[in-house]
Amino acid sequence: MKIFGKIKNMSTDLKEKQPNESVNINNKATLEYQGQKLELPVVTGTENEQAIDISKLRAETGLITLDNGYVNTGSCQSAITFIDGEKGILRYRGIDIEELAERSNFVEVAYLLIYGKLPSKEELEQFSTGLTNHSLLHEDMIHFFAGYPSTAHPMAILSSMTGSLAAYYNDNPQEQTEESLNLDLIRLLSKLRTIACFSYKKSIGQPLIYPNNKLSYCSNIMSMMFAVPTEEYYIDDEIVKVMNQLLILHADHEQNCSTSTVRMVQSSGASIYACMSAGISALWGPLHGGANQAVLEMLKQIHDSGMNYKDFLKEVKDKKSKIRLMGFGHRVYKNFDPRAKILRKACDRVLDKLGVSDPLLEIAKGLEEEALKDPYFVERKLYPNVDFYSGIIYSALGIPVDMFTVMFALGRLPGWLAHWKEQYNFDKKKICRPRQVYTGASLNPYIPLRDR
Ligand code: ACO
């Protein structure tokens, strides 16, 4: 492939600034326990968020910290994405998400996240050409699709096919060069899109549509999913813009479950393909990326049962029901999710453009309006998150429900790659290995089978 040389010459410095270079460690916190006092450094990030560095705690006191769900745990220092959950701020490499969603496109944002700066015209062209030239899968991999049952969830296909890429590319993590690493990043960004679209075509029994080098990244997604060999496929600019926005809004979200998984797997030195496959698996769960599918299923259920959405909210508030209002609430955003605001507007625009009147959108708007004035949701600071409206847009674009999380994975991929790269380059990195507080049985004798 010609692009090898070009990638080598890209100003894509893998040895970026270390994320711990810009933190201030002047303050100290004092921990007192059983008469022993320990001074712990307080690390301050560029936006003044503070963290007590407990890395010497166990060595000096024998104590560890316990933090279910890592609610208070900073697992790393990172220079990629900033979130202020109270103020509803999300920035990639310092640039506001609203600005990126309005003025940029997904490929440029991917470059920004991975390489830490907006690309020059030439860098963007080289990066885009790399994505264009690496979109094909090894033809042997095409046979894999036939082996999956037609009922297979496309996330199962995406995660296993992504892991399988390691079998095709010489990816010894210990022998990587800057060129080979850049190539892996490009391959993943380009080939995962192809895998995702092929898995959809297989599930509906249509011929695979290969990527078209004349099309942009997002137009190719639309074409590979919706074109058929027998007729011309027209791609609407407005729809491509919305697809870009959806992917940009999902592109990174600092140390969420799937990104932390990617970093954790990377810390063991595993292949980049294995790391991305692990990230995809983590994203699949309904409390994370699977929420967009769960939202649409919830809206459909309300619609099909003829239930009033106010009654549905009563059920949600009844703790015994164990029902959650999917697409509401977020571990970090406690005021509003800026991504949801952008998508709410995009949703109206797309439905208008396509002339679709979706009763599920009306139910979603009703639920949102009602929940935002209900003390249950207000007191718990529960607001619509990015997934509340994304599913309605995907549906309007003709994307089936079980592909929603796949679309999320395509969007999140640059974020995973950026975090993978940051972790890979961190000069003080350690294998991630949390501790535990053991609560099982104390020493037990082994009882032979005949005596049990
Ligand atoms: N519906 C009803 N009640 C909720 C919801 C919800 N969606 N979310 C939280 N709560 C309630 C909890 O029951 C709990 O109430 P309690 O204090 O009376 O026990 C309180 O709010 C706090 O909830 P936690 O689960 O402790 O909050 P946490 O930060 O751990 O969870 C999460 C965040 C997982 C996103 C949660 O809000 C949720 O399950 N939401 C629905 C699923 C969803 O939309 N996930 C997508 C997240 S965005 C993303 O991954 C891209």
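Helix α12 (residues 272-283) has twelve residues that, at 1.5 Å a residue, should span 16 Å, and its end C-alpha atoms lie 17 Å apart, which agrees; the expected span is 1.5 Å times one less than the number of residues. Helices here are DSSP runs of H or I with at least four residues, numbered from the N terminus. The model is a predicted one, in which local features need pLDDT of at least 70 and side-chain atom pairs count only at pLDDT 80 or more, while totals for chains, interfaces and linings use all residues. Residues are numbered from 1 along each chain as its sequence is written, and side-chain values use heavy atoms, with hydrogens and water left out.

Ten of the twelve residues of α12 are buried, so that the helix is mostly covered, where buried means under 20% relative accessible area, exposed over 50% and partly exposed in between (1.4 Å probe, protein chains only). Among the buried residues of α12 are Ile-272, Tyr-273, Met-276, Ile-280 and Leu-283. Their cover includes α7, α8, α11 (257-267) and α19 (404-425), contact being taken as heavy atoms within 4.5 Å.

Two of these covering helices also meet each other. The axes of α7 (residues 154-168) and α8 (residues 178-203) come within 10 Å and cross at roughly 140°, and the two helices are therefore oblique to each other. Angles under 35 degrees count as roughly parallel, over 145 as roughly antiparallel, 65 to 115 as roughly perpendicular and the rest as oblique. Residues of α7 including Ile-157, Met-161 and Leu-165 meet residues of α8 including Leu-188, Leu-192 and Ile-195. By class, this contact has nine nonpolar, two polar and one charged residues.

For helix α13 (residues 291-305), the 15 residues should span 21 Å at 1.5 Å a residue, and the end C-alpha atoms are 21 Å apart, which agrees. Its buried residues include Ala-291, Val-295, Met-298, Leu-299 and Ile-302, and what covers the buried residues of α13 includes α14, α16 (359-372), α18 (387-396) and α19.

Positive phi values appear at the following residues.

| Residue | Phi | Place |
|---|---|---|
| Glu-254 | about 40° | loop between α10 (237-250) and α11 |
| Lys-322 | near 60° | loop between α14 (309-317) and α15 (338-354) |
| Gly-306 | near 70° | follows α13 |

Glu-254 is not a glycine, and this residue is partly exposed, with a relative accessible area of 24%. Lys-322, likewise a residue other than glycine, counts as exposed at 75% relative accessibility.

Terms used:
Axes are lines fitted to C-alpha atoms, for helices over the stretch in contact, and angles run from 0 to 180 degrees between N-to-C directions. Ala, Val, Leu, Ile, Met, Phe, Trp, Tyr, Cys and Pro count as nonpolar, Asp, Glu, Lys and Arg as charged, and the others, Gly among them, as polar.
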